[in-house]
Amino acid sequence: MIEVKGITKTFGDFKAVNELSFSAQQGEVIGMLGENGAGKTTTLRMIATVLKPTKGEILVGGKNVVHNPEAVRKQIGILFGGETGLYDRLTARENIAYFGKLYGLDNALIKQRTESLANRFDMTRYLDKRVGGFSKGMKQKTAIARSLVHDPSVVLFDEPTSGLDITSANVIRQLIGEFKEEGRTVIFSSHIMSEVERLCDRVVIIHRGTLQYNGTLETLYQQNQTKDLDRIFMEMVGAGR
Ligand SMILES: Nc1ncnc2c1ncn2[C@@H]1O[C@H](COP(=O)(O)OP(=O)(O)OP(=O)(O)O)[C@@H](O)[C@H]1O
Ligand SMILES: [Mg+2]
C-alpha cells in the first residue's frame with residue numbers, strides 16, 4: 001500500500017532524512033517514533049506529496065508521489081500537527097466542504113459525508129459555527145473530519161493527540177482503531193509510548209533521519225528483553241546518542 005524506498009531529504013547541506021525505507025500494508029497501523037527533529041514530519045510530508053524527496057522513491061497504492069501526486073492525494077487523508085490549516089472565518093462545515101470540492105466531490109456527497117463525520121465525532125452542535133472561536137480539540141476534530149471527507153484509504157496523522165485533553169485524545173485513538181477495522185492504512189507519529197503500544201501493528205523508530213527499527217513491538221521487546229518501551233527508546237535514540 002505504501003512503499004518508502006531509500007528516501008533522503010536534504011535542506012541545504014543538512015540531511016533531515018537519510019536513506020529511509022519501510023512499507024505499510026493495507027489495514028496496517030504504523031507508529032512513527034523519534035525525538036524532536038528526527039525527521040518524522042518531513043517523512044510524512046514526503047509521503048503526502050507536500051515535499052519532494054531529494055533521493056529515493058515513494059509509492060502509495062502503486063502511484064509514485066513525485067510523478068503522480070494527484071492520484072496519491074486522492075488516496076490519502078492528512079493531519080499535520082501544530083497549525084490545522086483551517087480557515088477561521090469559515091464554519092466547520094464550510095472548511096470541510098472546501099476540501100471536498102478540492103477533491104472533486106459533488107455538493108450532495110459533500111453534505112452527506114460532512115454530516116456523517118459530524119455525527120461520528122459529536123460535532124453537530126458547532127458544525128455551522130465559525131472555526132475562529134473553537135477550542136483546540138474542536139479544531140482538531142474539524143481538521144480530522146476535513147481530512148476524511150473523500151474517504152481516503154490511507155491516513156497520515158502527525159502527532160494527532162498532541163495538546164488534546166484525555167477525552168479528545170481518546171476519541172482520536174479510538175478512531176485510529178476504527179480506521180484499521182475499516183481496512184485503511186494508517187501512519188501516525190507520536191511521542192506517547194502508551195498510545196503507540198495500544199494502537200500499532202508495527203513501529204518505525206527514526207533517529208536523526210536514520211531508521212533505527214522497523215518491526216513489531218513483540219520483536220522489539222524480545223530483542224531487548226524488556227517490555228519497557230520508554231527504556232528501549234531511550235537506549236536506542238536517547239539524548240546524546
Ligand atoms: N523546511 C525546512 N528547512 C530546513 N530544515 C528543515 C525544514 N523542515 C525540517 N527541517 C529540519 O529537519 C529536521 C527534521 O525535522 P522534522 O520536522 O521532520 O522532525 P520531527 O521528527 O517531526 O520532530 P518533532 O518531534 O519536533 O515534530 C529538523 O532538524 C528540522 O530543523
Ligand atoms: Mg514533527
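How accessible is Arg120: buried, partly exposed or exposed? Arg120 counts as partly exposed, at 33% relative accessibility. The close-ups below come from a predicted model. Arg120 returns in the third and fourth views.

**View 1. The shell of residues around ligand 1.** Ligand 1 is surrounded by 13 residues. Gly37, Lys40, Thr41, Thr42 and His191 are the closest. Sorted by class, the shell holds 6 polar, 4 nonpolar and 3 charged residues. Two elements, β2 (14-24) and α1 (40-47), each contribute at least two residues. Helix α1 gives the largest share of the shell, with 3 residues.

**View 2. Polar contacts to oxygen atoms of ligand 1.** The side chain of Asn36 places an N or O atom 2.9 Å from an oxygen atom of ligand 1. At Gly37 the partner is a polar backbone atom, 2.7 Å from an oxygen atom of the ligand. Lys40 uses its side chain: a polar atom there lies 2.7 Å from a ligand oxygen. Taken alone, ligand 1 exposes 640 Å², and the protein buries 60% of that area.

**View 3. Arg120 paired with Glu178.** A salt bridge joins Arg120 to Glu178, with the closest N and O atoms 2.8 Å apart. The pair links distant parts of the chain. Arg120 sits in helix α4 and Glu178 in helix α6 (residues 166-181), 58 residues apart. Glu178 has a relative accessible area of 24%, so the residue is partly exposed.

**View 4. Arg120 paired with Glu182, and the wider network.** Arg120 also forms a salt bridge with Glu182. Here the closest N and O atoms are 3.1 Å apart. This pair, too, links distant parts of the chain, 62 residues apart. Helix α4 carries Arg120, while Glu182 belongs to the loop between α6 and β8 (185-189). Glu182 counts as partly exposed because its relative accessibility is 39%. Through shared partners, salt bridges join Arg113, Arg120, Asp151, Glu178, Glu182 and Arg184 into one network.

**View 5. The salt bridge between Asp128 and Arg93.** The count for the model comes to 15 salt bridges. One of them pairs Asp128 with Arg93, the closest N and O atoms being 2.7 Å apart. Asp128 lies in the loop between α4 (107-120) and α5, and Arg93 in helix α3. The two residues are 35 residues apart, so this bridge links distant parts of the chain. Arg93 is partly exposed, at 24% relative accessibility.

**View 6. Two loop residues with positive phi.** Thr49 has phi near 75 degrees, a positive value in a residue other than glycine. Thr49 is placed in the loop between α1 and β4 (55-60). Its relative accessible area is 16%, so Thr49 is buried. Asp151 has phi near 55 degrees, again positive in a residue other than glycine. The loop between α5 (136-148) and β7 (154-158) holds Asp151. Asp151 counts as partly exposed, with 42% relative accessibility. Asp151 is also one of the members of the salt-bridge network in View 4.

**View 7. A nonpolar surface patch.** Tyr87, Tyr98 and Leu102 make a nonpolar patch of about 330 Å² on the surface. Tyr87 lies in the loop between β6 (76-79) and α3 (92-102). At 42% relative accessibility, Tyr87 is partly exposed.

Note on methods
Residues numbered from 1 in each chain as written. Chains lettered and ligands numbered in written order. Predicted model: local features only at pLDDT ≥ 70, side-chain atom pairs only at ≥ 80, totals over all residues. Heavy atoms only, no water. Near = heavy atom within 4 Å. Polar contact = N/O pair within 3.5 Å; in protein donor to acceptor, adjacent residues only side chain to side chain. Areas by Shrake-Rupley, 256 points an atom, 1.4 Å probe, with all protein chains shown as cover. Helix = DSSP H or I, 4+ residues; strand = E, 2+ residues; numbered from the N terminus. Nonpolar A, V, L, I, M, F, W, Y, C, P; charged D, E, K, R; others polar. Buried < 20%, exposed > 50% of the residue type's maximum accessible area, 1.4 Å probe, protein only. Patch = residues over 30% accessible without salt bridge, like charges linked within 9 Å, V, L, I, M, F, W, Y side chains within 5 Å. Salt bridge = Lys/Arg side-chain N within 4 Å of Asp/Glu carboxyl O.
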